[in-house]
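Here is a short briefing on a protein chain. It takes a pocket, then the domains, then the contact between them.

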Amino acid sequence: MTTSVFIDGAAGTTGLEIAERLAGRSEFALIALDDARRKDDAARAEAINDADVVILCLPDDAARDAVAMIRNDRTRVIDASTAYRVADGWTYGFPEIVGRETVAEAKRVSNPGCYPTGFIGLLAPLVHNGLLPAAWPYSCNAVSGYSGGGKALIGRFEADTDIAWRGYGLTFGHKHVPEMQRYTGVAIPPLFSPAVVNAHRGMVVEIPLPLGVMPGNVPAELLRAALTQFYAGSPIVTVAQELPADGEMLMRASMEPWDGLALHVMGSADGEQARLVAVLDNLGKGASGAAVQTLNLMAGLDETAGLRL
């Protein structure tokens, strides 16, 4: 059975990459609007209501407007914006955390943010299993390729090639923090320090842990084992069993599209410290790849179909 899909915001980076992953797949029929009609609200509303699934690749306010255009009980939604990530009535689109069945049966799904995907993927299983305390002031240091900032940031980095590192969110209150807190179950909003580097795509998310002063003082080996068990059998999330042999990790500017999520637990020899590190593609599992994974589940298909793994 063919599922009709309309990508609202198909001309943006996320929308283009979703369309690329769906290209040639007979399970889906894409509803497309030409350039003259894609910003016409009447045409958009018609396409939204004709679709079995609409994928919103829009700014928050535009996503809310698009949802308000739905006039039927049939059309399902995958929203890639921040608008509904902690909203009542919406399912968080992280199947490995909230459950595949939950996502498959959902009517309204909010795609996780790219940074939160790494943070939640690392921390949620450990907090929920009681291995790490919920009442702890966690911090998160992360770097991303500039494509996650949309056309404006892409244009800025391509125009000013001398930028090597751009720290932001320096006034605090980053829009990703609410979902990072909710889906890990931590009691204190994490101290989030994001940055952008001179690479088109890719992302590294780190949570430093001072194990020696944390309640329970759970060793890094046990944390790694718990993550390995939690993600056992996942075709998308992997947990490294060994430390990098050369003692370094690289994020390359030449990174190809990738929809996986690689998790690492690195502990100090004295057991006093650990570093939880997630590596992903901000446009893959952090955006377009996650949306296609969710779409596959909602359509009753193999969750990895069309993904780049």
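In this predicted model, three strands each supply at least two residues of the lining of the second largest pocket: strand 10 (203-209), strand 12 (261-267) and strand 13 (274-280). The domain assignment splits the chain into domain 1 (3-111 + 287-299) and domain 2 (114-280).

**The second largest pocket**
- The volume of this pocket is about 270 Å³.
- Its lining counts 13 residues.
- Nearest the pocket centre lie Gly 247, Glu 248, Met 249, Met 266 and Arg 275.
- Sorted by class, the lining holds eight nonpolar, three charged and two polar residues.

**The annotated span**
- An unreviewed UniProt entry places the feature "domain: Semialdehyde dehydrogenase NAD-binding" at residues 4-105.
- Residues 4-105 are 37% helix and 19% strand.
- The C-alpha atoms at the two ends of this span lie 17 Å apart.

**Two domains and their contact**
- Domain 1 is assigned in two segments, 3-111 and 287-299, while domain 2 is assigned as 114-280.
- Between the C-alpha centres of domain 1 and domain 2 the distance is 26 Å.
- Domain 1 puts 16 residues into the contact, and domain 2 puts in 24 residues.
- The two domains bury about 1600 Å² between them.
- Carbon and sulfur atoms give 55% of that buried area.
- Which three residues supply more than any others of the area that domain 1 buries against domain 2? They are Val 86, Tyr 92 and Ile 97, with 31%.

Note on methods: Residues numbered from 1 in each chain as written. Predicted model: local features only at pLDDT ≥ 70, side-chain atom pairs only at ≥ 80, totals over all residues. Heavy atoms only, no water. 1 Å grid on protein atoms, 1.4 Å probe; cavity = no way out; pocket = protein on both sides within 12 Å on 5 of 7 lines; lining within 4 Å. Points joined across faces, edges and corners; volume = space filled by probe spheres on them. Helix = DSSP H or I, 4+ residues; strand = E, 2+ residues; numbered from the N terminus. Nonpolar A, V, L, I, M, F, W, Y, C, P; charged D, E, K, R; others polar. UniProt positions renumbered as here; feature names shortened; annotations may be inferred. Domains from an automatic or database assignment. Contact = heavy atoms within 4.5 Å. Buried area = accessible area lost by both parts, 1.4 Å probe.
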